[in-house]
Structures are given as structure tokens and as C-alpha cells.
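Here are some notes for a colleague who is opening this structure for the first time. Please keep the sequence and the 3D view at hand while reading.

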Amino acid sequence: MKDQEIDKKELFERVPAGKAVFTMAVPTIISQLINLLYNMVDTFFIGRTGNSYMMAAVTVSFPLYMLTIAFSNLFGIGGGSEMARLIGKNRDDRAKKVCAYAIAGTVVLAAAYAALVGIFETPLLYLLGASARTIGFARQYTNTVVICGSVPIILSLVLAHLLRNVGYSRQAGFGLSAGGVLNMILDPLFMFVLLPDGMEVFGAAFATLLSNLFSLVYFIVVLARLKNDAPIDFRLRAAKETTKEERRELYAVGIPSSILTGLFDLANVFLNSLMASHGDLEVAAIGIVMKIERLPNAINIGICQGMLPIVAYNFSSGNHDRMEHVIRITRKAGLIVSVVSMVLFQILAGPFVGLFLATGGSSAGEAARTLAYATMFLRIRCIASPFQFLNYSTSFSMQGIGDGRDTLIHASARELLFYIPFMYILNALFGVPGLASALIPGELCGAVLAQILLGRYLKKHRSAGRNEIPAE
């Protein structure tokens, strides 16, 4: 295992930047795609029922599920980034304490979130756009995936982040991927074989819960095996030994990262609510589109997650030339993915959305109208893909260097100052098409601000004589 540690150090310090990012990013991309399948497979199989109201119910429940990812970023990205910086300073002993603190904090936070959702479930679902026709299905999904599943979901994601940031990207990717594959197997089994008609939403949710429990058990086994050979610890006593400065550094990155995702979910709350004012079919349609457009986003977030520990390590160790080189390579790769996906969605929007809702049976008319809305929404919203990636890559870069203040400024402005106001303005001016198009100017404005914030930070370090960008 000592040789393995040397290999990780070599990867972060001396392996060519492009190869290092590729090595770290491939497992994270795979885990992101598999994690996406956790949700897409539910949508896909629910769509086989041809029931637009079931589809709408999952859509209104989805922000509550996505908040689990926001909470995982608090201790996963915050703790992982702090661990990577400590390792860059050869402080593996302190990284272990931070790891234990992140795990303990995750359990407390996840349990508290599950309890709050349980208390306020019904009003929350109506706020998110549920109607009399969808509230029953929405409760089925929320009860199982969020209330019962928050602890295993959030803790699994945090453990994956922590493993990734100490160089065990392959193990992190496998744990999430294995759970995703299991979910794909269990979904049709519970939905169409074991449970009666009308329980398809509960069947999909229960399959997701079991899959996350499997991932959690896997990660616990991996931690137990690595605890003597890697900067990993999960003892409560170790968690209590973290310093005030270490906790401050964790929250300085973790809180903005959590808010970043939380504000994204908040924007979806507003989007669902405004769509619900037009009808349940429009809600179902935007739910389909938000799943499809997450495909390029998942790839790009995986690239950024692979980049983050390399950026954090080299920032902490003082190798700012390599850090900026890694940021530039990551940006080029993600923009290529974004442009390709935008072209594909423009050409193949109809076939893509058609995968998620059957048009046969007694609800054929409603299903056809839902798919027509979804096709229009996808062609409009995919134009924002390159701007979304610029927001992701810059945010992850700022998290890696520990610039929590600017990360928070960017996250808040992106959703609260740009995207949400554009929703209301364009919805009032152009109705449903305008509401769908609000993502484009919202992400564009956010991307411009992101480049200004990161550029200002890097310029400050250059002027201090600590960095000169190498020629490419």
C-alpha cells in the first residue's frame, strides 16, 4: 500500500496534466453516469406506464431528492477538498481527523433532513407543484427515497467524495456504479412483477432505496480495509480531534458547494411551480427534459470532480503553474462535450424524449401532448449547455483552491440574480416557451461572472509573484 501512496503522489505532482485529469476523471464520469441512471431508470420505467401524472409526481418530488446531493456536497466536497490540501502539505494525520469529522457530520445532517421532510411532506409537495392528481404518487416516492433513504444516499455520496479526494477514484466510482446497476435490475422487478398495478412509483422508489443501501455497505467495507493504509478514519473520537481551523476550512468550501446545488434545486422549485400553473402535462414534460439534459451535465461534473483534488493538491503545495494548466485542460474537454451534446439534442430531441413516455393505451392523447412539450423544451434548453459547463468548471476550481467566498457569490448570483428572475420575466412575456428558455440567459450571465471571479483570484496570485502560466 505504500507503493500505492507513492503512485497517488506521482499522479498529483508529476504525471502530465491531461493524463492526470483523464485518470482521475474517468471513474468519476462513470460514477456520475451511473448515478444519473439511478434517476433516469425510474423515469424510464414509470414512463412505460404511459401515465403522465405518475411522471409529474416524480418530477415534483425530484427537488427533495436532489437536496440530498446538496447536503452531500457540504461534507463530501468540503471535507474532501480539505483532506486533499492537507495531504499536499504532508499532513496525512490531520486528513484522517477531517475524514472522521465529515462522516459524523453527514449522519447527523442526513437524519435531520429526513425528519424535517417527514414533518412537512404534504405542504412541501404542493409547493413543488403537486396537484390532486399527483399528490398520492408524489408521497409514495418521497416517503421511500427521501424520508427513509436520506441517510444511506447522503452518506454513500460523501464517502465516494472522500475516497476520490485521497486518490481512490476507482473504488469511489465502483461503489456508486454497482448501486446504479442494481437499481436498473430491481426497478422493473418491483414495478411490474412483485407489486400490483398503481404501485409503480413506490416500486421504483423502493428499488432506489435498496440500491443505495447496497452502495453504503460497500463503502463501509472499503473504509474498513483502507483505514490503516490511507488517510481515512471514521471513529467518532477522531472526529472530535479536528481543530477549529480545519473545520472552518471544511465549511468554507463545503457550505458554498452545498448552497450551489441547493440553489440549483431552489431554481427547479420555482420552475416546477411556474410550470404547474400551466398544467400537469407541462410539469411532466419538463421533468423528462431535466433528466435528459443531465446526461452531458453528468459527464462534465465527473470531469470537474476528477480535476478538483489535483487542483487542491497543487494549490496547497504551491505548484500554481500545474494547477492552472489542469484548469485549462478541463475547460477544453468539457466545452467539447457540451457542444456535441447540444448538436445531438437539436437533431434528435424527439427520439430522446420518446424514450421516457409510452404513447399507447387510454392516456395516449395526454402522453403525445406531453412529448410535444418535452421536445420543444429540450431543443430550447440544450443551448445553455456550454454556459452550464463554464459555471461548473469555475465553481469546482474555486472550491479546489479553497475560495469559498467567491464560490458562494457565484452560486447565489447565478440562481437568485439571474436564472429565477429570467423565469418570471420570460414566462410573463412568452408563456411556456419563454419559461423554458430562461435557462439560457441565466447560465450565460452566471458564466460571465464566474470567469471574472476566478480570473481576479488568479491575477492576484500572479501579481504576488507566485505563479507564471506556462506556454501550452
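The numbered points below go from the whole chain to its core, its internal spaces and a few single residues.

1. Overall make-up. The model is a predicted one, and its chain is built with 18 helices and 0 strands. The radius of gyration is 22 Å, close to the 23 Å that the globule rule gives for 472 residues, so the chain is as compact as a globular protein of that length. Taken along the principal axes, the C-alpha atoms fill a box of roughly 65 × 45 × 35 Å.

2. Burial and contacts along the chain. Of the 472 residues in the chain, 60% are buried. When one considers the contacts with a separation of 6 or more, 84% of them are accounted for by residues 24 or more positions apart.

3. The largest nonpolar core. This core has 136 residues, and the members that touch the most other members are L163, I232, L271, M275, I288, F377 and M423. Helix α3, which covers residues 52-88, gives the most to the core, with 17 residues. For a closer look at one of these members, M275 may serve: leaving aside neighbours within four places in sequence, M275 is in contact with E282, V283, I286, F377, V432 and L435. F377 thus appears both in this list of contacts and among the core members that touch the most others.

4. The largest cavity. A search of the whole structure finds 4 cavities of 30 Å³ or more, and the largest cavity has a volume of about 550 Å³. It is lined by 30 residues, of which Q32, M66, I69, T261 and I301 are the closest to its centre. Two or more lining residues come from each of α2 (17-47), α3, α6 (150-165), α10, α12 and α15 (385-400), with the largest share, 6 residues, coming from α3. By class, the lining of the largest cavity holds 14 nonpolar, 12 polar and 4 charged residues.

5. The second largest pocket. About 220 Å³ of space lies in this pocket, which has 14 lining residues, with E82, R85, K89, E245 and E249 nearest its centre. The elements α3, α10 (244-276) and α12 (294-317) each supply at least two residues of the lining. How do the residues of this lining divide into nonpolar, polar and charged? There are 3 nonpolar, 3 polar and 8 charged residues in the lining of the second largest pocket. A reader may wish to view this pocket together with the largest cavity, since α3, α10 and α12 appear in the description of the pocket lining and also in that of the cavity lining.

6. Two buried residues. V353 has its place in helix α13 (residues 320-354), and at 1% relative accessibility V353 counts as buried, because the cut-off for that class is under 20%. Leaving aside neighbours within four places in sequence, V353 is in contact with I288, I292, L371, A374, T375 and L378; I288 is also one of the core members that touch the most others. V353 and T370 are 17 residues apart in sequence, and their C-alpha atoms are 9.5 Å apart in space. S397, in helix α15, likewise counts as buried, at 1% relative accessibility. Apart from neighbours within four places in sequence, S397 is in contact with M307, V311, I327 and L454, while the C-alpha atoms of S397 and I310, 87 residues apart along the chain, are separated by 9.9 Å.

7. Two partly exposed residues. Is V181, in helix α7 (residues 169-194), buried or exposed? Neither word applies, because at 39% relative accessibility V181 counts as partly exposed, a class that lies between under 20% for buried and over 50% for exposed. V181 and I34 are 147 residues apart in sequence, yet 7.3 Å apart in space, C-alpha to C-alpha. R456, which lies in helix α18 (residues 439-463), also counts as partly exposed, at 45% relative accessibility. When residues up to four places away in sequence are not counted, R456 touches R405 and D406.

Notes
Residues are numbered from 1 along each chain as its sequence is written. This is a predicted model: local features need pLDDT of at least 70, side-chain atom pairs count only at pLDDT 80 or more; totals for chains, interfaces and linings use all residues. Side-chain values use heavy atoms; hydrogens and water are left out. A nonpolar core is a set of buried Ala, Val, Leu, Ile, Met, Phe, Trp, Tyr and Cys residues joined through side-chain atoms within 4.5 Å. Buried means under 20% relative accessible area, exposed over 50%, partly exposed in between (1.4 Å probe, protein chains only). Helices (H or I, at least four residues) and strands (E, at least two) are DSSP runs, numbered from the N terminus. Contact means heavy atoms within 4.5 Å. On a 1 Å grid over the protein atoms alone, a cavity is a set of points where a 1.4 Å probe fits but cannot get out, and a pocket is an open set with protein on both sides within 12 Å along at least five of seven lines; lining residues have an atom within 4 Å of a point. Grid points are joined across faces, edges and corners, and a volume is the space filled by probe spheres set on the points. Ala, Val, Leu, Ile, Met, Phe, Trp, Tyr, Cys and Pro count as nonpolar, Asp, Glu, Lys and Arg as charged, and the others, Gly among them, as polar. The radius of gyration is taken over C-alpha atoms; the globule rule is 2.2 Å times the number of residues to the power 0.38.
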